[in-house]
Amino acid sequence: LCKEMYEKILTLLDKYEKDENIRAIVLRGNGGNFSTGYDLSKGLPASYRAFVKNLDGYVSRKLWYNAKPTISMVEGYCLGGGFELAMGADLVYATNDASLGEPEIDFFFTPDYNSLPCIILPRKAKEMILLGQVISGTQATEIGFVNCSFPLERLEEEVQKVCRRLVSLPAETLATAKTGLNGALD
């Protein structure tokens with residue numbers, strides 16, 4: 001991930017949210033991985049705090065509060081900023097052997113947009129953040145921050161089933177249900 005990728009994702013989320021022909025949004029990586037996070041080889045943006053507040057965290061919130069149902073389809077690595085991006089979706093499906101987590105503590109960082117305490121038990125969230133744990137898709141399902149995990153060869157098929165179910169429902173009802181759920185979580 002880099003500033004330009006976040007900007008592109010944000011542009012597409014805005015475009016897809018307005019397009020009445022699009023009923024659900026699936027976010028996935030390219031080349032066998034969801035994302036290993038921010039590309040540190042390019043250096044951090046000049047004002048990292050402003051970047052997190054105005055772009056990185058905003059993209060995750062845009063997924064969370066998008067009027068359309070959003071799904072993260074995770075395979076391979078899903079770490080750091082990539083993990084935070086994936087967790088912004090309403091539903092998350094992963095391969096059994098995906099690697100998910102927030103290892104920023106090893107690089108003297110903390111998560112930018114920390115959604116873990118909202119999704120899983122606070123003590124488990126603290127354990128993952130403070131120890132920089134990276135866990136499998138199967139383990140992520142067991143503790144509740146992934147809806148379900150599958151063997152790689154079934155992941156896309158299973159996400160397509162979820163999408164078919166979502167698009168069979170009235171868009172207005174889904175948007176209302178999502179707003180109510182997010183209000184309760186807020």
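The largest pocket in this predicted model has a volume of about 420 Å³. Of the 20 residues that line this pocket, Trp64, Ala89, Asp90, Leu91 and Asn147 are the closest to its centre. The chain that surrounds it has 186 residues, of which 44% count as buried, and its secondary structure comes to eight helices and seven strands. The points below begin with the two pockets, then turn to the chain as a whole, an aromatic pair, and a few single residues.

**The largest pocket**

- Strand E4 (91-95), helix H4 (116-119) and helix H8 (171-185) are the elements that give two or more residues to the lining of the largest pocket.
- Among these contributors, helix H8 supplies the largest share of the lining, with six residues.
- Sorted by class, the residues that line the largest pocket are 15 nonpolar, three polar and two charged.

**The second largest pocket**

- The second largest pocket holds about 310 Å³ of space, and of the 16 residues that line it, Met5, Ile9, Leu27, Arg28 and Leu85 lie nearest its centre.
- Two or more residues of this lining come from each of helix H1 (3-18) and strand E1 (25-28), and the largest share, six residues, belongs to H1.
- The lining of the second largest pocket is made up, by class, of eleven nonpolar, three polar and two charged residues.

**The chain as a whole**

- When contacts between residues at least 6 apart in sequence are considered, 71% of them join residues that are at least 24 apart.
- The chain exposes about 10,100 Å² of surface, and 56% of that area is supplied by carbon and sulfur atoms.

**An aromatic pair and helix H3**

- The structure holds two aromatic pairs, and one of them is formed by Phe83 and Phe145, whose rings meet edge-to-face, at 5.2 Å centre to centre and with 90 degrees between the planes.
- Because Phe83 lies in helix H3 (residues 80-87) while Phe145 lies in the loop between helix H6 (137-143) and strand E7 (148-150), this pair ties together parts of the chain that are 62 residues apart in sequence.
- Phe83 and Phe145 are both buried.
- Helix H3 as a whole is mostly covered, with eight of its eight residues buried; they are Gly80, Gly81, Gly82, Phe83, Glu84, Leu85, Ala86 and Met87.
- Leu85 therefore appears in two parts of this picture, as a buried residue of H3 and as one of the residues that lie nearest the centre of the second largest pocket.

**The loop between E1 and H2**

- Ser35 has its place in the loop between strand E1 and helix H2 (48-65), where its relative accessible area of 9% makes it a buried residue.
- Leaving aside neighbours within four places in sequence, Ser35 is in contact with Leu1, Tyr77, Cys78, Leu79 and Gly82, and Gly82 is itself one of the buried residues of H3.
- Asp39 is found in the loop between E1 and H2 as well, but this residue is partly exposed, with a relative accessible area of 27%.
- The C-alpha atom of Asp39 is separated by 9.4 Å from that of Gly81, although these two residues are 42 residues apart along the chain.

**Two leucines of helix H8**

- Leu174 is found in helix H8 and counts as buried, at 17% relative accessibility, because the cut-off for a buried residue is under 20%.
- Not counting residues up to four places away in sequence, Leu174 touches Pro69, Leu166 and Leu169.
- Leu174 and Lys68 are 106 residues apart in sequence, yet their C-alpha atoms are 7.5 Å apart in space.
- Leu185 also has its place in helix H8, but Leu185 is exposed, with a relative accessible area of 51%, which is a value over the 50% cut-off for an exposed residue.
- Between the C-alpha atoms of Leu185 and Ile119, which are 66 residues apart along the chain, the separation is 9.2 Å.

Note on methods
Residues numbered from 1 in each chain as written. Predicted model: local features only at pLDDT ≥ 70, side-chain atom pairs only at ≥ 80, totals over all residues. Heavy atoms only, no water. 1 Å grid on protein atoms, 1.4 Å probe; cavity = no way out; pocket = protein on both sides within 12 Å on 5 of 7 lines; lining within 4 Å. Points joined across faces, edges and corners; volume = space filled by probe spheres on them. Helix = DSSP H or I, 4+ residues; strand = E, 2+ residues; numbered from the N terminus. Nonpolar A, V, L, I, M, F, W, Y, C, P; charged D, E, K, R; others polar. Buried < 20%, exposed > 50% of the residue type's maximum accessible area, 1.4 Å probe, protein only. Contact = heavy atoms within 4.5 Å. Areas by Shrake-Rupley, 256 points an atom, 1.4 Å probe, with all protein chains shown as cover. Phe/Tyr/Trp six-rings, centres within 6.5 Å; stacked < 30°, edge-to-face > 60°.
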